[in-house]
Amino acid sequence: MISKENILAIAKKTILSESESITNLQNLLDENFSDATQAIYNSKGRLIVTGIGKSAIIAQKMVATFNSTGTPSMFLHASEAIHGDLGMVQADDIIICISKSGNSPEIKVLVPLLKRFGNTLIAITGNMTSFLAKGSDFVLNTTVETEACPNNLAPTNSTTAQLVMGDALAVCLMEMRDFKAEDFAIYHPGGALGKKLLLKVKDMLEHTLKPMVSPDSAIKKVIFEISEKRLGVTAVVNQEKVVGIITDGDIRRMLNERDSFADLTAKDIMTKNPKLIQSTAMVVDALNILEDFSITQLIVVDNGEYKGVLHLHDILKEGIV
C-alpha cells in the first residue's frame with residue numbers, strides 16, 4: 001500500500017511537472033503564433049479544430065472556448081474526417097490540427113486532403129519535424145520534455161500544453177475582437193453565469209408585492225403591510241417619494257423598547273435615506289450593495305418613482321451566488 005504521504009508527493013510532483021511544461025510554452029512562441037492568430041481573426045469562414053485520441057478531446061474543449069468567446073468553431077474528428085465528415089469543411093475555413101507526434105496514420109491521410117482543398121492549416125504539435133508540422137502553414141510548438149506519467153506514456157503534460165495553447169489563441173482573439181462581458185453573456189444565457197451577466201433588477205421585481213405606507217401610518221398598519229407583502233420590509237412613501245424604510249427588525253426593536261406603540265407612526269421608527277437602486281441595474285450589482293452594507297433589502301426607484309423591493313433571498317433563489 002502507498003502511504004498518504006506518498007500519494008500527496010506523487011500528486012504534487014505531477015502538478016509541478018505539468019506547470020513547468022506550461023511555463024516553457026512561452027519560450028516556444030514565435031511569429032507562427034501571431035501569424036496564425038491574425039489568420040483566424042481575418043478569416044471569413046469558421047475555425048475547424050481536429051485531432052485524434054486525447055488530442056480530439058482537447059480539440060472539443062477548444063471549440064467550446066472559441067464558440068463562447070466570439071470565434072465560430074466546429075469539431076472534426078480526424079478519423080471520421082476521412083470517412084465522410086470532410087464534407088463539413090468549407091472553402092474559407094481555417095483548420096487547427098492537434099497531434100503530439102504529428103505522425104499518426106489518420107493525420108498522414110488527413111493533411112494532404114486538407115491541403116488539396118486549399119484551406120489554411122495550423123498545426124499544434126510537439127514534433128516540429130513531423131508530417132503534420134511540415135505540411136502546415138503555421139506550426140504552434142507544444143513540445144514537452146516528458147509526460148507526468150511515470151512510464152512517460154500517458155498524455156498528461158502534452159495534452160495540458162495543447163489545452164493552454166488553445167486558451168492562448170482564444171484570449172488573443174478575444175482581445176482583438178474587443179470581446180466584452182456583455183458579449184460573453186449573449187453566449188451564456190443559462191445558469192448562474194448567464195444570470196450574473198444578464199439578469200436585471202426589474203426582472204426580479206414582483207409588482208403585486210409592493211409594500212408601502214405613509215409617514216403618518218399607524219404602527220398597526222405598518223405591521224400589517226410588512227406581514228401581508230411577506231418581504232420583511234415596507235417603504236415609507238410621502239407624495240410618491242420614498243422617504244424611509246421600515247424592516248421587521250425595526251418592529252422587533254420597537255416592541256423590545258416600548259410597552260405601548262399606540263402613539264407611534266411610521267416616521268417615528270423608519271430609517272431615513274434607505275439604500276436605493278434603479279430597476280435597470282444588474283442584479284449582481286445589487287448583490288454587491290447588499291453585501292457591502294450588510295442589509296437584506298433594497299428599495300427600487302426609477303426617476304423618483306417607487307417600483308418595489310429587491311430582497312436578498314430572491315437573489316439567492318436565482319442561484320447567482
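Student: Which residue just after helix 3 takes a positive phi?

Tutor: Quick context: this is a predicted model, where local features need pLDDT of at least 70, side-chain atom pairs count only at pLDDT 80 or more, and totals for chains, interfaces and linings use all residues. Numbering runs from 1 along each chain as its sequence is written, and side-chain values use heavy atoms, with hydrogens and water left out. Helices here are DSSP runs (H or I, at least four residues), numbered from the N terminus. Just past helix 3, phi turns positive at about 95 degrees, and the residue is G70.

Student: How far does helix 3 reach from its first C-alpha to its last?

Tutor: Helix 3 has 15 residues. The expected span is 1.5 Å times one less than the number of residues, which gives 21 Å for helix 3. The model comes close to that, at 22 Å.

Student: And what residue with positive phi follows helix 7?

Tutor: Helix 7 covers residues 157-176 and reaches 29 Å, close to the 28 Å expected. After helix 7, phi is positive, near 55 degrees, at D178.

Student: Which residues of helix 3 are buried?

Tutor: Buried means under 20% relative accessible area with a 1.4 Å probe, protein chains only. Helix 7 has buried residues too, among them N157 and L173, and what covers them includes helix 3 (54-68). In helix 3 itself, the buried ones are S55, A56, I58, A59, M62, V63, T65, F66 and S68.

Terms used:
Helices (H or I, at least four residues) and strands (E, at least two) are DSSP runs, numbered from the N terminus. Buried means under 20% relative accessible area, exposed over 50%, partly exposed in between (1.4 Å probe, protein chains only). Contact means heavy atoms within 4.5 Å.
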